[in-house]
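Visitor: Could you take me through this model? I would like to start with the contact between the chains and then move inward.

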Amino acid sequence: MSGAGKDWILQWDGAAIGGVRTKNVAVNGEALDVSDDDSNGWRELWPEAGEVTVEISLSGLVKDQRLQAQAFDPETRIHAVTLTGHDGSVIAGNFYLQSYSQGIEYKGYPTFDATLLSTGVCTFTPGT
Amino acid sequence: MRLVQAQKAIYETLTGDLPLMAMLTGIYDHVDQGTSFPYAVIGEDGASEWDTDTEVGADSTITIHTWSRERGRKETKEIQERVYEILHRQDMTIEDAIFRFLLWQFSDSFLEPDGITRHGVMRFRLVYDSLPVS
């Protein structure tokens, strides 16, 4: 089966995180508002972004303790992350572990949610 | 899925318990005509996917029926109690799988239309990851 979400492999420091079920990637380009009196009442945006950031959200089952261990470590929170698609496209950059939360239900398997924030350049290489 | 291996693991756990086996004439999947009471049957099981990016797994239900001809429900309840003790929140080994958890969901008991047979039903939730078949 190719093209399913599981074929998008997220690697954190070169190794896939076990138990992941959902990955969400959000790219935000902060707009620079350059409207002035000459804009005749229309908003004008500068063609270049003020700041581009990428946020990756992950959720799944707690089968891998690396994220959990990092969450409790205030230092060295930046790690190399690559997200490789089934078509060979790659999103790569350094990411800071911003948040990690765990759901522990008495009659189920523990689940987690984590948010990674880009730091520095993040690249996208299209696949075929 | 590891449906056969999961049923085998449940069967071996139940048949490996001496107090339970002392209460029953046997534990079956198919029951022959004329089997003596009381006995238990590993009955219907269902499974749904429990996959992640890195593993495939199954979230399954296992139903255990008990059949008794005792007057009253005491024998049925005692058998159900013992099955609960040895399965609920217990560990087990499943061939070609990684066991995750086993939880009791509910029990019930009925008087069958013949007026003399007591039928107990218990359902458990069994979750496991599949390993490559050895």
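Guide: The turns below go through the interface, the cores, the salt bridges and the backbone of this predicted model.

Visitor: How many residues does each chain bring to the contact?
Guide: Chain A brings 16 residues and chain B brings twelve residues.

Visitor: And what area is buried between chain A and chain B?
Guide: About 1100 Å² is buried between the two chains, and carbon and sulfur atoms give 49% of that area. On the side of chain A, Arg21(A), Lys63(A) and Tyr109(A) supply 45% of the area buried against chain B, more than any other three residues.

Visitor: Why quote an area at all?
Guide: The size of an interface is often given as the accessible area lost when the parts come together.

Visitor: How many polar contacts and salt bridges are there across the interface?
Guide: Nine residue pairs are in polar contact between chain A and chain B, counting pairs in which both residues have pLDDT 80 or more. The count of salt bridges between chain A and chain B is three.

Visitor: Which element of chain A gives the largest share of the side that touches chain B?
Guide: That is strand β3 (residues 20-30) of chain A, which contributes three residues. By residue class, the side of chain A that touches chain B divides into seven nonpolar, four polar and five charged residues.

Visitor: Lys63(A) came up earlier. Which residues does Lys63(A) pair with?
Guide: One partner is Glu55(B), whose side chain meets that of Lys63(A) in a salt bridge of 3.0 Å, N to O. Another is Asp129(B), in a salt bridge of 2.8 Å, N to O. The pair of Lys63(A) and Asp129(B) crosses between chains: Lys63(A) is in the loop between β4 (51-61) and α1 (66-71) of chain A, and Asp129(B) is in strand β5 of chain B.

Visitor: Is Asp129(B) buried or exposed?
Guide: Asp129(B) counts as buried because its relative accessible area is 0%, and the cut-off for buried is under 20%.

Visitor: Which residues are joined into one network by salt bridges that share partners?
Guide: The network consists of Lys63(A), Glu55(B), Arg100(B) and Asp129(B).

Visitor: What is the total number of salt bridges over all chains?
Guide: The count comes to eleven over all chains. One of them joins the side chains of Asp17(B) and Arg82(B) at 2.8 Å, N to O. That pair links distant parts of the chain, 65 residues apart, with Asp17(B) in the loop between α1 and α2 (18-23) of chain B and Arg82(B) in helix α3 of chain B. Asp17(B) is buried at 10% relative accessibility, whereas Arg82(B) is partly exposed at 24%.

Visitor: And Lys6(A), which residue does it meet in a salt bridge?
Guide: Lys6(A) meets Asp7(A), at 3.2 Å, N to O. Lys6(A) is partly exposed, at 36% relative accessibility, and Asp7(A) is buried, at 17%.

Visitor: Changing topic: how many residues are in the largest nonpolar core?
Guide: The largest nonpolar core has 25 residues, and those with the most contacts inside it are Ile10(B), Leu14(B), Val83(B) and Leu87(B). The elements that give two or more residues to this core are α1 (3-15), β2 (39-49), β3 (57-68), α3 (74-87), β4 (97-111) and β5 (118-130) of chain B.

Visitor: What does Val83(B) touch, leaving aside its neighbours in sequence?
Guide: Beyond neighbours within four places in sequence, Val83(B) is in contact with Leu14(B), Leu20(B), Ile64(B), His88(B), Met122(B) and Phe124(B). There is also a second, separate core of 18 residues, which includes Val20(A), Val54(A), Leu58(A) and Ala114(A).

Visitor: Now the backbone. Where is there a cis peptide bond?
Guide: A cis peptide bond joins Phe37(B) and Pro38(B), with omega about -10°. Pro38(B) is in the loop between β1 (27-28) and β2 of chain B.

Visitor: Which residues other than glycine have a positive phi?
Guide: Two can be named here. Asp13(A) has a positive phi of about 55° and lies in the loop between β1 (9-12) and β2 (15-16) of chain A. Thr76(A) has a phi near 45° and lies in the loop between α1 and β5 (78-84) of chain A.

Visitor: Why mention these backbone cases?
Guide: Most residues other than glycine have a negative phi, and most peptide bonds are trans.

Visitor: How accessible are Asp13(A) and Thr76(A)?
Guide: Asp13(A) is partly exposed at 48% relative accessibility, and Thr76(A) is exposed, with a relative accessible area of 59%.

Terms used: Residues are numbered from 1 along each chain as its sequence is written. Chains are lettered from A and ligands numbered from 1 in the order in which they are written. This is a predicted model: local features need pLDDT of at least 70, side-chain atom pairs count only at pLDDT 80 or more; totals for chains, interfaces and linings use all residues. Side-chain values use heavy atoms; hydrogens and water are left out. Contact means heavy atoms within 4.5 Å. Buried area is the accessible area (1.4 Å probe) that two parts lose on being put together, summed over both. A salt bridge is a side-chain nitrogen of Lys or Arg within 4 Å of a carboxyl oxygen of Asp or Glu. A polar contact is a pair of N or O atoms within 3.5 Å; within protein, one must be able to donate a hydrogen and the other to accept it, and residues adjacent in sequence count only if both atoms are side-chain atoms. Helices (H or I, at least four residues) and strands (E, at least two) are DSSP runs, numbered from the N terminus. Ala, Val, Leu, Ile, Met, Phe, Trp, Tyr, Cys and Pro count as nonpolar, Asp, Glu, Lys and Arg as charged, and the others, Gly among them, as polar. A nonpolar core is a set of buried Ala, Val, Leu, Ile, Met, Phe, Trp, Tyr and Cys residues joined through side-chain atoms within 4.5 Å. Buried means under 20% relative accessible area, exposed over 50%, partly exposed in between (1.4 Å probe, protein chains only).
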